[in-house]
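Take a look at the structure below. We will walk through it step by step, beginning with one loop and ending with the way the chains meet.

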Number of protein chains: 2
Amino acid sequence: MTTEEIFSQIKKKGTTLCVGLDVDYDKIPECVKAKAGSKAEAIEIFARAIVDATAPYCVAYKPNLAFFEAYGYEGIRVLENLVKYIRSKYPEIFLIADAKRGDIGNTAKMYAKTFFEQMDFDAVTVSPYMGSETVTPFLGYPGKYVIVVALSSNSSSADFQMAAQGGKPLYQVVMEKCMSISTPENMMFVVGATKADKLQEIRKFCPDNFFLVPGVGAQGGSAEEVIANGSNSKSGLLINSSRGVLYASSGEDFAEAAAKVASETARI
Amino acid sequence: MTTEEIFSQIKKKGTTLCVGLDVDYDKIPECVKAKAGSKAEAIEIFARAIVDATAPYCVAYKPNLAFFEAYGYEGIRVLENLVKYIRSKYPEIFLIADAKRGDIGNTAKMYAKTFFEQMDFDAVTVSPYMGSETVTPFLGYPGKYVIVVALSSNSSSADFQMAAQGGKPLYQVVMEKCMSISTPENMMFVVGATKADKLQEIRKFCPDNFFLVPGVGAQGGSAEEVIANGSNSKSGLLINSSRGVLYASSGEDFAEAAAKVASETARI
């Protein structure tokens, strides 16, 4: 998928919302659990219902690998089925594997194979601590993206991301290094919404890449501020909300409630 | 498993070797492929044969998740079976999930559940870019360890790991932060063998934790130098070799050849 195609979808749907599929069995409504034969099956039923309800109001889904892996190979089978389901029913959707992988070249190559060949994701998140080698194997797939964690939204993000190199903060060093080996057609960055004040500054040295922006909703960031400070000429934003959408209601109306929250989040 | 128990095994077997199970289908001997009905099955047969041949000559195994995930849910099923096989047949072995996960607290908690509850690993590798939150959920499991990547062995490790904070290099900042929230009974560090000159220096500020040391063999590091520069009173080292052991021969004698290389690597 090209950035132009992503932008077309953003304009058509009037939103930059990415729904994070961090499907936690313990938070799934009882009415869903009652229909399922196993925990993995409950996650599958719930995730499909959320997707069917929210697809008109978002441009991307971001399954969080941890929440599927926790159920072993059955969890991975559910994820594979979910990817196929979204691909076939909602082909316009941008599909992100939130995996935060980050390893040496020969291992990163296998991760690229996992997410771009074994499963048909459009993008995968990567943690850059081990350097540019963690990123390069993902760049050779036309129409696919690596999304590098630059400045995250969590409370301990400042532990290491603010270290300095050549007079610049580490997150900027990471972004500039990654930009030097890629194009906006294969590279995006994670920039947390809880750092909205930093977004304008980051846009100055990174005008063209899309940003995946977590931290809206449960983590306290404001989508409006992100749009005001972080947009570029092609929007350039995928604003993620996970818990705020998924668990909008714990009753029989969970899907309608998720749709309502989704339809009100990250509108442009 | 306590560090004392790991040290007992190191003394008994006379080695600090950890065999990395980066099982690449393309490198598996033809004689194994001929016996298997699928790629995942070939990986399973090969990995079990390597384990049976090398168990007397190593103290730990380190399956690399990427090499199993690349075959989808069937690959994960093979990994789950392999973990059970090693656990039941070689209960003295220390089992490391080389996963390089690193995410916010609620996600890291799910990864801990994956590797310590769903699968019975003793330890999991974590990439620290997102801060202390990536680590803490792994610390609440008695006898289990989180192994944080500090200074890696790959060619691009210096891209970001040498950034500075408070006059110290980032890898030291990472280690000191992690040490401040843990003990040597639940925390280890990845320190690459290709940085053997740095090991003495690192031992000064981190005398008690075990180091998992990749980079011996195919990546060019020397196990002898690592032992000379990085040992502490309980050895404190798990020296990893993957490709050098696994692919010692591509013929019918692959298991014997792997055993021979293992028996000569990282001896104390």
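Where is the place of B:Ser235? Find helix H10 (223-230) of chain B, then strand E10 (237-241) of chain B; B:Ser235 sits in the loop between them. Keep in mind that this is a predicted model. B:Ser235 has a positive phi of about 75 degrees, although it is not a glycine. That deserves a remark. Most residues other than glycine have a negative phi. Is B:Ser235 buried or exposed? A residue is called buried when 20 or more other C-beta atoms lie within 10 Å of its own. B:Ser235 has 22 C-beta neighbours inside 10 Å, so it counts as buried.

Chain B offers another case. The phi of B:Lys100 is near 45 degrees, again a positive value in a residue other than glycine. B:Lys100 does not lie in a loop of this kind; its place is strand E3 (residues 94-101) of chain B. Count its neighbours: 28 other C-beta atoms lie within 10 Å, so B:Lys100 is buried.

Stay with strand E3 of chain B. E3(B) pairs with E4(B) in the parallel sense, over three bridges. One place to look is B:Arg101, whose bridge partner in E4(B) is B:Val126. How does the chain get from one strand to the other? E3(B), helix H6 (residues 105-118) of chain B and E4(B) make a β-α-β unit, and this unit is right-handed.

Now look at strand E4 (residues 123-126) of chain B itself. Which residues lie on its two sides? B:Ala123 and B:Thr125 are on one side, and B:Val124 and B:Val126 are on the other. All of them are buried, so both faces of the strand are covered. E4(B) also pairs with strand E5 (residues 145-151) of chain B. These two strands run parallel and are joined by four bridges. In E5(B), B:Tyr145 is the bridge partner of B:Ala123.

Turn to chain A. Here, too, E3(A) and E4(A) pair in the parallel sense, with three bridges. A:Arg101 has A:Val126 in E4(A) as its bridge partner. E3(A), H6(A) and E4(A) form a right-handed β-α-β unit. In strand E4 (residues 123-126) of chain A, A:Ala123 and A:Thr125 point one way, while A:Val124 and A:Val126 point the other way. All of these residues are buried. Four bridges link E4(A) to strand E5 (residues 145-151) of chain A, and the two run parallel. Opposite A:Thr125 in E5(A) stands A:Ile147.

Next, follow a helix. A:Ile202 lies in helix H9 (residues 196-205) of chain A. It has 21 C-beta neighbours inside 10 Å, so A:Ile202 counts as buried. A:Gln172 is 30 residues away from A:Ile202 in sequence. In space, their C-alpha atoms are 7.8 Å apart.

Step back to see chain A as a whole. Its secondary structure comes to 12 helices and 10 strands. The radius of gyration of chain A is 18 Å, close to the 18 Å that the globule rule gives for 268 residues, so the chain is as compact as a globular protein of that length. Along its principal axes, the C-alpha trace of chain A spans about 55 × 40 × 35 Å. Of the 268 residues, 57% count as buried. Take the contacts in chain A between residues at least 6 apart in sequence: 71% of them join residues at least 24 apart.

Finally, bring the two chains together. How many residues of chain A are in contact with chain B? There are 46, and they meet 46 residues of chain B. Several elements give two or more residues to this side of chain A, including helix H5 (72-89), strand E3 (94-101) and helix H8 (170-180). The largest share, seven residues, comes from H6(A). By class, this side of chain A has 19 nonpolar, 17 polar and 10 charged residues.

How are the copies related? A turn of 180 degrees, with a shift of 0.0 Å along the axis, lays chain A on chain B with an RMSD of 0.0 Å. The two copies are thus related as by a two-fold rotation axis. The same surface serves both copies, as 100% of the contact residues of chain A recur in chain B.

Conventions: Residues are numbered from 1 along each chain as its sequence is written. Chains are lettered from A and ligands numbered from 1 in the order in which they are written. This is a predicted model: local features need pLDDT of at least 70, side-chain atom pairs count only at pLDDT 80 or more; totals for chains, interfaces and linings use all residues. Two residues are in contact if their C-beta atoms, placed from the backbone, lie within 7 Å. Ala, Val, Leu, Ile, Met, Phe, Trp, Tyr, Cys and Pro count as nonpolar, Asp, Glu, Lys and Arg as charged, and the others, Gly among them, as polar. The radius of gyration is taken over C-alpha atoms; the globule rule is 2.2 Å times the number of residues to the power 0.38. A residue is buried if 20 or more other C-beta atoms lie within 10 Å of its own, exposed if 12 or fewer, and partly exposed in between; C-beta atoms are placed from the backbone. Two strands pair if DSSP finds at least two bridges between them. A crossover is right-handed if, with the strands pointing away from the viewer, the path from the first strand over the helix to the second runs clockwise. Copies are superposed by least squares on the C-alpha atoms of residues with pLDDT of at least 70 in both.
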